[in-house]
Amino acid sequence: MGTRDQARRLFGSQPNDLSGSELSIDCSKVQASAPSFVDELIKIALVERGAARLILTAAPSKMRGYAVRSAANRDVSARLTIID
């Protein structure tokens with residue numbers, strides 16, 4: 001998965017306020033992802049739209065690493081869950 005713009009498009013049909021919501025993304029078909037894509041995903045879901053939790057399932061190891069780093073940098077680590 002590629003760019004910040006692609007990450008933003010994933011949220012196109014979602015409400016702007018996701019407070020109290022848990023978002024779950026199945027990443028089992030993802031073969032590769034850019035750090036910028038994952039960072040934008042974390043930023044939109046947890047920072048801008050305020051989701052209570054973002055759950056990434058079956059993400060490749062690099063994607064998991066990018067997500068953990070991005071969440072830590074944005075001080076939202078407690079709201080990110082990664083499931084193998």
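Trainee: What does the accessible surface of the chain come to, and what share of it belongs to carbon and sulfur atoms?
Mentor: Keep in mind that this is a predicted model. The accessible surface comes to about 4700 Å². Of that area, the share belonging to carbon and sulfur atoms is 48%.

Trainee: How many of the residues of the chain, as a percentage, count as buried?
Mentor: Buried here means under 20% relative accessible area. Taken over the 84 residues of the chain, the share that counts as buried is 35%.

Trainee: Which order do the elements of the chain follow from the N terminus on?
Mentor: You've got three helices and three strands to place. Starting at the N terminus, they run α-β-α-β-α-β.

Trainee: Why can we call the chain as compact as a globular protein of that length?
Mentor: For 84 residues, the globule rule gives 12 Å. The chain is close to that value, so it is as compact as a globular protein of that length. The radius of gyration behind this is 11 Å.

Trainee: Which strands stand at the edges of the sheet?
Mentor: The sheet is open, has three strands in the order 1-2-3, and pairs them in parallel. An edge strand has a single partner, so one side of it is left without a neighbour in the sheet. That description fits strand 1 (22-26) and strand 3 (80-83).

Trainee: Which residue in strand 3 does Leu 54 stand opposite?
Mentor: Strand 2 covers residues 53-57 and is joined to strand 3 by four bridges, with the two running parallel. Opposite Leu 54, in strand 3, you'll find Leu 80.

Trainee: What angle does the direction of helix 3 make with that of strand 3?
Mentor: Let's take helix 2 (residues 35-48) to begin with: it packs on the sheet, touching strand 1, strand 2 and strand 3, and its direction makes about 145° with that of strand 2. Helix 3 (residues 61-73) also packs on the sheet, touching strand 2 and strand 3. Its direction makes an angle with that of strand 3 of about 165°.

Trainee: Is Asp 75 buried or exposed?
Mentor: Asp 75 lies in the loop between helix 3 and strand 3, and has a positive phi of about 60° although it is not a glycine. Its relative accessibility is 70%, and the cut-off for exposed is over 50%. So Asp 75 counts as exposed.

Trainee: Where does Ala 58 lie?
Mentor: Ala 58 has a positive phi of about 60° without being a glycine. Its relative accessible area is 29%, so Ala 58 is partly exposed. As for its place in the chain, look at the loop between strand 2 and helix 3.

How values were computed:
Residues numbered from 1 in each chain as written. Predicted model: local features only at pLDDT ≥ 70, side-chain atom pairs only at ≥ 80, totals over all residues. Heavy atoms only, no water. Pairing = 2+ DSSP bridges. Contact = heavy atoms within 4.5 Å. Axes fitted to C-alpha atoms, helices over the stretch in contact; angles between N-to-C directions. Buried < 20%, exposed > 50% of the residue type's maximum accessible area, 1.4 Å probe, protein only. Rg over C-alpha atoms; globule rule 2.2 N^0.38 Å. Areas by Shrake-Rupley, 256 points an atom, 1.4 Å probe, with all protein chains shown as cover.
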